[in-house]
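Reader: I'm new to this, and I'd like to zoom in on one small turn and then see what surrounds it. Could you walk me through it slowly?

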Amino acid sequence: MRRARRYIIRVLRDGSVRVTVPRGGSRLEAARFLEKHAKWITQERDRVNAALVTSAWTNGATTMLRGGPVTIRVEEEEKSGHRTARYGERSVAIPAGAADLRPFIEADLRQLAREELGPRLHALAAAHQLTVAGFTIRNQQSRWGSCSKSGRIALNYRLVQMPPSVCDYVLLHELMHLKQQNHSRRFWRFVEAICPDFRDSERWLKVHGPGLL
């Protein structure tokens, strides 16, 4: 990645490992970097496996909504044969014969994100005298949000699965990029000024985030 400044290792939900190679880097150096951090990778895999989220989204599986674990329950009407998956306060129609509920629940989560994240983002922006040029919901696989130089902010729909305080932190984090594009000390001073307990949110993301992605 041209924008990456260093090698980054990420353990994905299925246990596979992704290495980000910075501009000017090489596969050989990436392999050496992996070997150097082999112990950390093992520990991270253990943590991912211990996350609250169930890997297979079937009847009785567990996922997260607003920071808490919720059980997915499928109900079927005997007469009509209509099937409904319920998780927390949410419900979504499921086609007959569909065993994997993930596509339908994820579609519902994206709809929830469109309904809630935009208004919240603009409310926080107004509270801090900032203007968002545009807003989109995305299915990002390695980040919770992004902010372009033009002031457009993209947010991961999975933010609605986090505790509200952590979700707000991510929104505020991206809003501070309207003032400072990079992650310099100046940027983190902006973050801490409006979100003094941001380190708690960072810790939550580090522990539970891999299970959501």
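Reader: How many residues sit between β9 and β10 in their hairpin, and which residue in the turn has a positive phi?

Author: Happy to, but keep in mind that what you're looking at is a predicted model. The hairpin of β9 and β10 has four residues between its strands, and the one you're after is Gly 151, whose phi in the turn is positive at about 90 degrees.

Now follow the chain out of that turn. β9 covers residues 145-147 and runs antiparallel to β10, with three bridges joining the two. To find one of these pairings on screen, click Ser 146: its bridge partner in β10 is Ala 154.

β10 itself spans residues 152-156, and four of its five residues are buried, so to speak tucked under cover. It also pairs with β8, residues 134-138, and here the sense is parallel, over five bridges. For a landmark on that side, take Ile 137, which has Leu 155 of β10 as its bridge partner. Put these together and β10 has an antiparallel pairing with β9 and a parallel one with β8.

If you like hairpins, go back along the chain to β5, β6 and β7. These three strands form an open sheet in just that order, with antiparallel pairing. β5 (73-76) and β7 (90-94) are the edge strands: each has a single partner strand, so one side of each has no neighbour in the sheet. Ignoring direction, neighbouring strands here are turned by 30 degrees against each other on average.

Let's go through the sheet pair by pair. β5 and β6 (residues 83-87) are antiparallel and share four bridges. Across that pairing, Arg 73 faces Arg 86, and Glu 75 stands opposite Thr 84. These strands make a hairpin with six residues between them, in which Gly 81 has a positive phi near 80 degrees. On to β6 and β7, which are antiparallel and joined by five bridges. Arg 86 turns up again here, standing opposite Ser 91 in β7. The hairpin of β6 and β7 has two residues between the strands, and Gly 88 in its turn has a positive phi of about 60 degrees. So there's a glycine with positive phi in each of these hairpins: Gly 151 for β9 and β10, Gly 81 for β5 and β6, and Gly 88 for β6 and β7.

While you're on β6, look at where its side chains go. They alternate: Arg 83, Ala 85 and Tyr 87 point to one face and are buried, while Thr 84 and Arg 86 point to the other face and are not buried.

What lies over this sheet? Helix α3 lies across β6 and β7, at about 135 degrees to β7. α3 takes in residues 102-127, and its axis comes within 10 Å of the axis of α4 (residues 164-176), crossing at roughly 55 degrees. That angle is why α3 counts as oblique to α4. The crossing is right-handed. On the α3 side the contact is made by Leu 117, Arg 120, Leu 121, Leu 124 and Ala 125, and on the α4 side by Cys 167, Asp 168, Leu 171, Leu 172 and Leu 175. Sort the residues of this contact by type and you get eight nonpolar, no polar and two charged.

α4 has another helix to meet. Its axis and that of α5 (residues 185-194) come within 9 Å and cross at roughly 140 degrees. These two helices are therefore oblique to each other as well, because it takes an angle over 145 to count as roughly antiparallel. This crossing is right-handed too. From α4 the contact uses Tyr 169, Leu 172, His 173 and Met 176, and from α5 it uses Phe 187, Trp 188, Phe 190, Val 191 and Ile 194. The tally for this contact is eight nonpolar, one polar and no charged. Did you spot Leu 172? It is listed in the contact with α3 and in the contact with α5.

Finally, zoom right out. The chain has six helices and 10 strands, and its C-alpha trace spans about 60 × 45 × 30 Å along the principal axes. Of its 213 residues, 41% are buried. Among contacts between residues at least 6 apart in sequence, 43% join residues at least 24 apart.

Terms used. Residues are numbered from 1 along each chain as its sequence is written. This is a predicted model: local features need pLDDT of at least 70, side-chain atom pairs count only at pLDDT 80 or more; totals for chains, interfaces and linings use all residues. Side-chain values use heavy atoms; hydrogens and water are left out. Buried means under 20% relative accessible area, exposed over 50%, partly exposed in between (1.4 Å probe, protein chains only). Two strands pair if DSSP finds at least two bridges between them. Axes are lines fitted to C-alpha atoms, for helices over the stretch in contact, and angles run from 0 to 180 degrees between N-to-C directions. Angles under 35 degrees count as roughly parallel, over 145 as roughly antiparallel, 65 to 115 as roughly perpendicular and the rest as oblique. A crossing is left-handed if the near helix is turned anticlockwise from the far one by less than a right angle, and right-handed if clockwise. Contact means heavy atoms within 4.5 Å. Ala, Val, Leu, Ile, Met, Phe, Trp, Tyr, Cys and Pro count as nonpolar, Asp, Glu, Lys and Arg as charged, and the others, Gly among them, as polar.
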